[in-house]
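Welcome, and please open your viewer. This short tour suggests what to select at each stop and tells you what you will find there.

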Amino acid sequence: MTIGVWILGDQLWSEQAALQRRAIAKSNTPVILIESRQWVQVRSYHRQKLVLVWSAMRHFAEELRTDGWSVTYNIAEEFETPLNAWIQAEGITELFVMQPNDRPFVALLRSLELPCQLTLVPNNRFLWTADEFGQWAKGRKNLLMEYFYREGRQRFQVLMEGKQPIAGRWNFDKENRKPPKGKLDTPEPLWFEPDAITQEVMAWVQQGNFTSYGALEPFRWGVTRSHALQVLDTFIQTRLPTFGPYQDAMVTHEDTMWHALLSPYLNLGLLQPMEVIAAAEQAYYDHNLSLNSIEGFIRQVLGWREFMHGLYHHVDEDYPQRNFFDHQQPLPDFFWDAKQADMNCLRQVLTQVEHMAYAHHIQRLMILANFSLIAGLNPQEVENWFHAAFIDAYDWVMQTNVIGMGLFADGGILASKPYAASANYVNRMSDYCKSCRYKPTQRTGEAACPFNFFYWDFLDRHRSVLEQQGRTSFILKNLDKMPPEELAEIRQRAADWHNQRSPR
Ligand code: FAD
Ligand code: SF4
């Protein structure tokens, strides 16, 4: 009996479960990695995402070879042909694959016709397995991240003193919402020059006939575990100590603020969640850092990231198709071409995404997703764009973040109310409005900010549904106080905005 291991592009960890099965030994276990052109034609991808994944795969294959594994690396049209040829050439009788995180890839695996047995090995890339999350969720009326996170703190003994949270508090969110006032001294992120392997992939992506989006250069992401560890170390030393206060702030030309830039590496397998959490916790004990920053960061990885992954596997398979508000407006062209956007906040963030395939959480949630929600854009078109645009996008993290958190298209499985906001929020938490042709204080008139008329139009259109959500009722009272002629103009402006883009 010969066992072979197929390593997928987001499983780049030497201790991943399929490589660690007791039955296998390095010297006589063939390993394969495959780049498939067809797989990346299913949708568009940011050019830097293609470079990141393929360069990281090629580097990982080299590292496995150096470590004594017998590795085949294949660049092919699709997966089945090279897989079958390799299985036959190596005389493989059983193929191990670590359970993919993404459901579409599980479906692809099921559709393959292989000349040997396929064994899916349980995935060990998350702290909570899908079954463990299911146990936690069982019987709960509301799946609140906060309670899941607290359970995680207790289970893994992170920032705990026995059964109590350190300093007696679970949550320091309130201290982490400072608006950006005055000159902010933001730390430099750590970037890398492309090496020969990365340059080769860049040339390949440049020439390849892929449906791609965004700038290929400058490509500055890390592509190895060593790079990822350096990014983690730089974050812990220079960004984590002051991560908290401006976590929600947005500033022109400050693309990363104090954010960690770790999601591309965590999602590929180059970093593991517990080593990231442990490094942050250790820095707290070693350097007596402020707890709002440490807790604020650990909440993201131990809380949100694990929650999103658990929930993705817990919800029904039709979750990606959900459209709770029945929003059907098409995605405006400026999402694919930032210079067409005349709203400064959207133009800034979309330009940044084109250049680096990254925006931080509040830019994603309160600019891109918020606009999509209140303007009534079709959730599946929006999800498709997010998936294409971001360096860290994978199905497991995209569906819950976009369909659930960003657009409330799941009807409230994830969030207790829609994250809908007017220009008031953008003006308070960013400097974007200062250089915009629209006025954040106006909801009617020629200079009315679209975030304002869309916000009130959204509340008005969905009033009956929102009335049932206790947490939005006080805002609906403000809608009730609005003079009818003002509401009529708001409705008209919202309709005109769409009609000017897609005349029917
Ligand atoms: P930081 O803000 O420094 O946070 C640290 C880490 O916490 C991140 O690296 C990430 O691993 C984790 N994290 C924080 N929030 C989340 C979350 N909601 N879901 C999952 N992990 C989280 N994250 C992705 O990894 N891929 C995506 O494609 C993605 N799309 C998003 C789309 C929308 C509409 C929204 C609202 C959020 C999305 N997120 C996504 C979550 C979050 O915005 C990113 O993980 C984060 O911005 C990555 O940058 P960072 O590493 O600098 O994060
Ligand atoms: Fe965005 Fe409106 Fe502010 Fe302009 S005024 S930056 S469109 S929120």
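In which helix is the place of Q363? Select Q363 and you will land in helix α12. Keep in mind throughout that this is a predicted model.

**Stop 1: Q363 and its partners**

Stay on Q363, which counts as buried because its relative accessibility is 0%, and the cut-off for buried is under 20% relative accessible area. Now show side chains and add Q352 to the selection. The side chains of Q363 and Q352 make a polar contact at 3.0 Å. Next, add H360. Here the side chain of Q363 reaches the backbone nitrogen of H360, at 2.8 Å.

**Stop 2: the whole protein**

Zoom out and switch to a cartoon view. You should be able to trace 19 helices and 9 strands. Turn the protein along its principal axes, and the C-alpha trace spans about 80 × 60 × 45 Å. The radius of gyration is 24 Å, which agrees with the value near 23 Å that a compact globule of 504 residues would have. If you colour by burial, buried residues make up 57% of the 504.

**Stop 3: ligand 1**

Select ligand 1 and show the residues around it. There are 28 of them, and H259, A260, L261, Y358 and H361 come nearest.

Which residue has a polar backbone atom 2.7 Å from an oxygen atom of ligand 1? Select A260 to see that pair. Then move to D392, where a polar backbone atom is 2.8 Å from a nitrogen atom of the ligand. For a side-chain example, pick N401: an N or O atom in its side chain is 2.8 Å from a nitrogen atom of ligand 1.

Now try a surface view. Taken alone, ligand 1 exposes 810 Å², and the protein buries 99% of that. To see what surrounds the ligand, colour the elements that give two or more residues to the shell: α8 (263-268), α10 (291-314), α12 (361-374) and α14 (395-406). The largest share of the shell, 6 residues, comes from α10. Helix α12, where this tour began with Q363, is also one of the contributing elements.

Try colouring the shell by residue class as well. It has 18 nonpolar, 7 polar and 3 charged residues. Colouring by domain gives another view: the shell draws at least three residues from each of domain 2 (130-195 + 210-314) and domain 3 (320-499).

**Stop 4: along helix α10**

Select Y312, which lies in helix α10. Y312 counts as buried because its relative accessibility is 2%. Add D395 and look at the two C-alpha atoms. Y312 and D395 are 83 residues apart along the chain, yet their C-alpha atoms are separated by 8.8 Å.

From there, go to N101, found in the loop between β5 (94-98) and α3 (103-111). Is N101 buried or exposed? N101 is buried, with a relative accessible area of 4%. Show its side chain together with those of N123 and H309. One polar contact, of 3.5 Å, joins the side chains of N101 and N123, and another, of 3.2 Å, joins those of N101 and H309.

**Stop 5: backbone details**

Most residues other than glycine have a negative phi, and most peptide bonds are trans. The next selections are worth a look with that in mind.

Select Q157, in the loop between α5 (145-156) and β7 (160-161). Although Q157 is not a glycine, it has a positive phi of about 50°. Q157 is partly exposed, with a relative accessible area of 43%.

Then select M257, in the loop between α7 and α8. Phi of M257 is near 50°, a positive value in a residue other than glycine. M257 counts as buried, at 1% relative accessibility, whereas Q157 is partly exposed.

Where does a cis peptide bond join two residues? Select E217 and P218 to find it, with omega of about -5°. The place of P218 is in the loop between β9 (212-213) and α7 (225-239).

That is the end of the tour; feel free to revisit any stop.

Definitions and conventions:
Residues are numbered from 1 along each chain as its sequence is written. Chains are lettered from A and ligands numbered from 1 in the order in which they are written. This is a predicted model: local features need pLDDT of at least 70, side-chain atom pairs count only at pLDDT 80 or more; totals for chains, interfaces and linings use all residues. Side-chain values use heavy atoms; hydrogens and water are left out. A residue is near a molecule or strand if one of its heavy atoms lies within 4 Å of it. A polar contact is a pair of N or O atoms within 3.5 Å; within protein, one must be able to donate a hydrogen and the other to accept it, and residues adjacent in sequence count only if both atoms are side-chain atoms. Accessible areas come from the Shrake-Rupley method with a 1.4 Å probe; for residues, only the protein chains shown count as cover. Helices (H or I, at least four residues) and strands (E, at least two) are DSSP runs, numbered from the N terminus. Ala, Val, Leu, Ile, Met, Phe, Trp, Tyr, Cys and Pro count as nonpolar, Asp, Glu, Lys and Arg as charged, and the others, Gly among them, as polar. Domain bounds come from an automatic or database domain assignment. The radius of gyration is taken over C-alpha atoms; the globule rule is 2.2 Å times the number of residues to the power 0.38. Buried means under 20% relative accessible area, exposed over 50%, partly exposed in between (1.4 Å probe, protein chains only).
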